[in-house]
Amino acid sequence: AGAPPNVADLDQAAGQTWTNPLSILAGAMNSMAQGLVKQLRQPSKEEIERFLEAAADGNLDEREIQEFIEKNGEINTTADNDGNTALHLAANNNRTNVVQALLAKGATVTTVNKHGATPLHLAAYNGHIEIVQALINAKAGLNKKDTYGATPLHWAANNNHPDVVEALLNTTGIDVKIQENGGQTALHLAADNNHPDVVKVL
């Protein structure tokens with residue numbers, strides 16, 4: 001008598017193609033490995049520079065941000081030499097459309113640069129009221145201190161931005177009594193720099 005038919009013979013007899021289970025497992029593992037490599041991929045210096053420059057210049061939309069995320073994993077650790085993320089740069093340069101797009105794609109509002117400043121610090125420093133409000137709505141850290149011990153309120157008061165000061169004061173949780181490293185509150189800074197409009201608000 002001949003040898004009994006094996007599994008492959010039976011499948012072929014039934015008009016089917018037999019697939020080795022080990023080849024299926026190998027294929028699955030290969031796909032997982034490729035996904036891991038993609039996930040761990042680091043953007044090149046040139047890619048980072050282009051992305052950050054576009055954010056600073058206001059030439060970045062949600063589609064482009066999504067493409068960067070899909071290619072490089074995320075956007076919150078991509079920063080320049082001073083630790084500024086795309087959100088920092090957009091906030092500093094008053095690029096409201098870019099700030100809103102970055103927030104929509106999950107940008108972290110509490111990320112700090114090498115000076116301990118959040119995007120809200122930079123927006124408040126420069127008096128960019130629309131961006132300040134957008135960051136407040138995104139639950140930015142109102143009372144977070146930078147390396148100088150200053151909060152966004154300190155910088156808004158110091159630089160004579162009464163509208164920003166008022167927006168911060170109207171937000172639940174703001175602490176007007178915080179002192180920076182020199183021992184001054186926001187009110188002290190406004191008074192010392194002769195900003196009567198800010199003093200009036202405070």
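Lys139 follows helix α8 and has a positive phi, near 70°. This is a predicted model. Helix α8 spans residues 129–137 and holds several buried residues. The structure also contains three aromatic pairs.

**Helix α8 and its surroundings**

- Which residues of helix α8 are buried? They are Ile131, Val132, Ala134, Leu135 and Ile136.
- Several helices help to cover these buried residues of α8, including α5 (86–92), α6 (96–104), α7 (119–126) and α10 (162–169).
- After α8 comes Lys139, with its positive phi.

**His128, in the loop between α7 and α8**

- His128 sits in the loop between α7 and α8.
- Is His128 buried or exposed? Its relative accessible area is 14%, so His128 is buried; the cut-off for buried is under 20%.
- Leaving out residues up to four places away in sequence, His128 touches Ala91, Asn92, Asn93 and Asn94. It also touches Ala123 and Val164.

**Pro162, in helix α10**

- Pro162 belongs to helix α10, one of the helices that cover the buried residues of α8.
- Pro162 has 25% relative accessibility, so it counts as partly exposed. That class lies between the 20% and 50% cut-offs.
- Not counting neighbours within four places in sequence, Pro162 is in contact with Asp197, Val198 and Val201.
- How far apart are Pro162 and Pro196 in space? The C-alpha to C-alpha distance is 9.3 Å, while 34 residues separate them in sequence.

**The pair Phe51 and Phe68**

- There are three aromatic pairs in the structure. In one of them, the ring centres of Phe51 and Phe68 are 4.0 Å apart.
- Why is this pair stacked? The ring planes stand at 15°, and planes under 30 degrees apart count as stacked.
- The pair links distant parts of the chain, 17 residues apart. Phe51 lies in helix α3 (residues 45–57) and Phe68 in helix α4 (residues 62–72).
- Both partners are buried: Phe51 has 5% relative accessibility, and Phe68 has a relative accessible area of 8%.

**The pair Tyr148 and Trp155**

- The rings of Tyr148 and Trp155 have their centres 6.3 Å apart. Their planes stand at 90°, so the pair is edge-to-face. Planes over 60 degrees apart fall in that class.
- Tyr148 is partly exposed, at 48% relative accessibility.
- Which residues form one aromatic cluster? They are Tyr125, Tyr148 and Trp155.

Conventions
Residues are numbered from 1 along each chain as its sequence is written. This is a predicted model: local features need pLDDT of at least 70, side-chain atom pairs count only at pLDDT 80 or more; totals for chains, interfaces and linings use all residues. Side-chain values use heavy atoms; hydrogens and water are left out. Rings of Phe, Tyr and Trp (its six-membered ring) pair if their centres lie within 6.5 Å; planes under 30 degrees apart count as stacked, over 60 as edge-to-face and the rest as tilted. Helices (H or I, at least four residues) and strands (E, at least two) are DSSP runs, numbered from the N terminus. Buried means under 20% relative accessible area, exposed over 50%, partly exposed in between (1.4 Å probe, protein chains only). Contact means heavy atoms within 4.5 Å.
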